[in-house]
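Here is a short report on aromatic rings, charges over rings and one pocket. Keep the structure open as you read.

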Amino acid sequence: MVTLSLRKPSDAALSALLSTARVESLSYVEVGATQGELPGGYRHDRFDVDLGPDGDGRFERARDALRAWRPQVGAGLRVVPSDPVHQDQTFVLVMHFGPLYVLAPGRVVTVIDTPERFAFAYGTLQSHPEKGEESFAIARDDGRVLFTVVAFSRPRHVLARLGAPVARLVQRRVTRAYLAAMQADAS
């Protein structure tokens, strides 16, 4: 399956990829590990940002933004379909970097929704250029609202392996954009 393209993917191509992705299995076995101890053999990332004091609906705005994929959209990614986050949801992230479009199928593997915390994690599918899991959480913590991104990953696609240093820079840039998007949405 093609996960990289020099042409903008059409809606029909994305629909076909999504149909195929729905029957794909996850590309890793450590499902749910972003909620605890991260597994060996992967790069580990953890980023936190304080969104401000809890009150005036800040937690609720941040939760609603996270449920609506706002960190991803705010980072310039397209989420197909754009339905609100839910358990077992299969989706494709479309990333545009220079002349290249990266198509990254994933599946939501964890959703936590309590009065103190909203979080979800998604895992990579077989046709994703990377292998691993990424989680996003909004939490109330000592009168503050925090946004946390935790991930473990390693390159899977040959081009991702060959271009690992560039892929790593892109990952970090996208993650910083996730944090900035959530700060804007929670204000």
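## Phe152 and its partner

Phe152 is buried, at a relative accessible area of 0%. This comes from a predicted model. The ring of Phe152 pairs with the ring of Tyr42. Their centres are 4.8 Å apart, and their planes meet at 70°. That makes the pair edge-to-face, because planes over 60 degrees apart count as such.

Where do the two residues of this pair lie? Phe152 belongs to strand E8, residues 144–155. Tyr42 sits in the loop between helix H1 (11–21) and strand E2 (43–53). The two parts are 110 residues apart in sequence, so the pair ties together distant stretches of the chain. Tyr42 has a relative accessible area of 10%. Tyr42 therefore counts as buried, since the cut-off is under 20%.

## A second pair and a cluster

A search of the whole structure gives 8 aromatic pairs. Another one of them joins Trp69 and Phe120. Here the ring centres are 5.2 Å apart and the planes lie at 70°, so this pair is edge-to-face. Trp69 is in the loop between helix H2 (58–67) and helix H3 (70–74). Phe120 is in strand E6, residues 117–124. The pair ties together parts that are 51 residues apart in sequence.

Are these two residues buried or exposed? Trp69 is buried, at 0% relative accessibility. Phe120 is buried too, with a relative accessible area of 0%. Both belong to one aromatic cluster, made up of Trp69, Phe91, Phe120, Tyr122, Phe136 and Tyr178.

## Charges over rings

Tyr42 comes up again here. Arg154 lies over the face of the Tyr42 ring, 4.3 Å from the ring centre. Look next at Phe118. The charged end of Arg67 sits over the Phe118 ring, at 4.6 Å from its centre.

## The second largest pocket

How much space lies in the second largest pocket? It holds about 190 Å³. Its lining counts 15 residues. Those nearest the pocket centre are Arg46, Arg117, Ala137, Thr148 and Val150.

Four elements give two or more residues to this lining: E2, E6, strand E7 (130–141) and E8. Which of them gives the most? E7 does, with 5 residues. By class, the lining has 7 nonpolar, 5 polar and 3 charged residues.

How values were computed: Residues numbered from 1 in each chain as written. Predicted model: local features only at pLDDT ≥ 70, side-chain atom pairs only at ≥ 80, totals over all residues. Heavy atoms only, no water. Phe/Tyr/Trp six-rings, centres within 6.5 Å; stacked < 30°, edge-to-face > 60°. Buried < 20%, exposed > 50% of the residue type's maximum accessible area, 1.4 Å probe, protein only. Lys NZ or Arg CZ within 6 Å of the ring centre and 35° of its normal. 1 Å grid on protein atoms, 1.4 Å probe; cavity = no way out; pocket = protein on both sides within 12 Å on 5 of 7 lines; lining within 4 Å. Points joined across faces, edges and corners; volume = space filled by probe spheres on them. Nonpolar A, V, L, I, M, F, W, Y, C, P; charged D, E, K, R; others polar.
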